[in-house]
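This briefing introduces a protein chain to a reader who has not met it before. The sequence and the structure are shown first, and the points that follow are grouped by topic.

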Amino acid sequence: MALEVCVKAAVGAPDVFGDCPFSHRVLLTLEEKKVPYKIHLINISDKPQWFLDISPQGKVPVAKIDDKWVSDSDIIVGILEEKYPEPPLKTPPEFASVGSNIFSTFGTFLKSKDSNDGSEKALLVELEALESHLKTHGGPFIAGAKVSAVDLSLAPKLYHLKVALGHFKSWSVPETLPHVRDYMKALFSLDSFEKTKPEEKYVISGWAPKVNP
């Protein structure tokens, strides 16, 4: 029986998967573990009542596991790891927080209207830390040769970074960070990523109201 999961629908296209990296992370995990699933696309600006009944805060993703609706991608991914242990995706604890500040610093830089506010530098500091980790740990992934949970969390966020900063700021990851660039290529070429990624135009339409409110 397919596992049910509620994810964000695209802005302006309610029948297509949208720009939520946390929803995307859950789909990537299900794909990597080969768990059959059924998607419910939720229009965030017009949430159906049945969805609010199972997710009173109105947040996605929400997954139905063992007849119980569970929210929060961290919790969902943790339960999936226990319930479907093969292939194992658990990240070694010492690597679990690698790259954990990239998404917040990216968001601040993306929304910034002041080129001297330090937001670009803050993002570069985080990307340099990732570069240094990848350089010393052999890669291509954070914990080595095999993809793990931390990669599946970072992949959608780095995709948003690439698409949104490219579109709104004509910015891309500098060539001085070759390991980060190779890492992004490795993530984006995973079969699970190819199969689940939102179209670039929906990542852009999702960010547009936050960039130009």
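Between domain 1 and domain 2, 4 residue pairs are in polar contact, with both residues of each pair at pLDDT 80 or more. The model described here is predicted. On the side of domain 1 that touches domain 2, helix α1 provides the largest share, with 9 residues.

**The two domains**
- The domain assignment divides the protein chain into domain 1, residues 3-83, and domain 2, residues 93-211.
- The contact draws on 18 residues of domain 1 and 20 residues of domain 2.
- A distance of 22 Å separates the C-alpha centres of domain 1 and domain 2.
- About 1700 Å² is buried between domain 1 and domain 2, and carbon and sulfur atoms account for 70% of that area.

**The interface in detail**
- One salt bridge is found across the interface of domain 1 and domain 2, the count by the rule being 1.
- E31 and K195 form a salt bridge through their side chains, at 3.4 Å from N to O.
- At least two residues each come from strand β2 (13-17) and from helix α1 (21-32) on the side of domain 1 that touches domain 2.
- Sorted by class, the side of domain 1 that touches domain 2 comprises 11 nonpolar residues, 3 polar residues and 4 charged residues.

**Salt bridges in the model**
- The count of salt bridges by this rule is 8.
- In one of them, the side chains of R25 and D74 meet at 2.7 Å, N to O.
- This pair connects distant parts of the chain, since R25 belongs to helix α1 and D74 to helix α3 (residues 73-83), with their positions 49 residues apart in the numbering.

**Backbone features in the loops**
- E86 and P87 are joined by a cis peptide bond, with omega at about -15°.
- The position of P87 is in the loop between helix α3 and helix α4 (102-111).
- A cis peptide bond also joins G139 and P140, where omega is about 5°.
- P140 lies in the loop that runs between helix α5 (119-136) and helix α6 (149-169).
- D66 is not a glycine, yet its phi is positive, at about 50°.
- The loop between strand β4 (62-65) and strand β5 (68-71) contains D66.

**Annotations from UniProt**
- An unreviewed UniProt entry lists the feature "domain: GST N-terminal" at residues 10-88.
- Residues 10-88 are 37% helix and 25% strand, and the C-alpha atoms at the two ends of this span are 31 Å apart.
- The feature "domain: GST C-terminal", likewise from an unreviewed entry, is placed by UniProt at residues 66-213.
- Residues 66-213 are 60% helix and 3% strand, with the end C-alpha atoms 41 Å apart.

Conventions:
Residues numbered from 1 in each chain as written. Heavy atoms only, no water. Domains from an automatic or database assignment. Contact = heavy atoms within 4.5 Å. Buried area = accessible area lost by both parts, 1.4 Å probe. Salt bridge = Lys/Arg side-chain N within 4 Å of Asp/Glu carboxyl O. Polar contact = N/O pair within 3.5 Å; in protein donor to acceptor, adjacent residues only side chain to side chain. Helix = DSSP H or I, 4+ residues; strand = E, 2+ residues; numbered from the N terminus. Nonpolar A, V, L, I, M, F, W, Y, C, P; charged D, E, K, R; others polar. UniProt positions renumbered as here; feature names shortened; annotations may be inferred.
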